[in-house]
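Here are some short exercises to work through with the model open beside you. Try each task before reading its solution.

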Amino acid sequence: MTSVNARARAAGKTWERDIRTHFRGEGFDIESLRLSGRFDEGDHAIRLNGAVVVVEAKNEKAINLSGYMAEAVSEADNFAKARGLDRGSVFPVSVVKKRGTGTGGGYVVTSVDEFVKLIGRLK
């Protein structure tokens, strides 16, 4: 069982690296975040015109969108609180690996309300 967990962790770390590399290659300001236990702040932060997108990377066979978004929202809350930011400027997303595709074929998942707030902030 330990080797299965180790492989899963390694696949997750590879996915995180692939996401970071992909976004940097597209010219985005993205930084990796460190684990903070129960106050985890996500896997990456992307800075956009005064807003921050907190990314939770997911590379799992069984996709659980509602679970991913609950985790991403909690981590965006933690990120904003730790930095004294208005939560209205921090947006949670999950970036989910799609089997059989490259990084650009993955899915970016957020709620409709968070998406509306994000694009409203950027317009």
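**Exercise 1. Place Tyr107 in its strand and decide whether Tyr107 is buried, partly exposed or exposed.**

Solution. Start with the strand: Tyr107 belongs to β5, residues 107–109 (strands are DSSP runs of E with at least two residues, helices runs of H or I with at least four, numbered from the N terminus). The model is predicted, so local features need pLDDT of at least 70 and side-chain atom pairs 80 or more, while totals for chains, interfaces and linings use all residues. Residues are numbered from 1 along each chain as its sequence is written, and side-chain values use heavy atoms, without hydrogens or water. Next, accessibility: Tyr107 has 40% relative accessibility and is therefore partly exposed (buried is under 20%, exposed over 50%, partly exposed in between, with a 1.4 Å probe and protein chains only).

**Exercise 2. Describe the surroundings of Ser94.**

Solution. First, Ser94 sits in strand β4, residues 90–96. Its relative accessible area is 0%, so Ser94 is buried. Beyond four places in sequence, Ser94 touches residues including Tyr68, Met69, Ala72 and Tyr107 (contact means heavy atoms within 4.5 Å). Finally, a polar side-chain atom of Ser94 lies 3.3 Å from the backbone oxygen of Tyr68.

**Exercise 3. Which residues does Ala80 contact, leaving aside neighbours within four places in sequence?**

Solution. Locate Ala80 in helix α2, residues 65–83. With 3% relative accessibility, Ala80 is buried. The contacts of Ala80 outside that sequence window are Leu85, Arg87 and Val90. As a last step, check the C-alpha atoms of Ala80 and Val52: they are 9.1 Å apart, with the two positions 28 residues apart along the chain.

Definitions and conventions
Polar contact = N/O pair within 3.5 Å; in protein donor to acceptor, adjacent residues only side chain to side chain.
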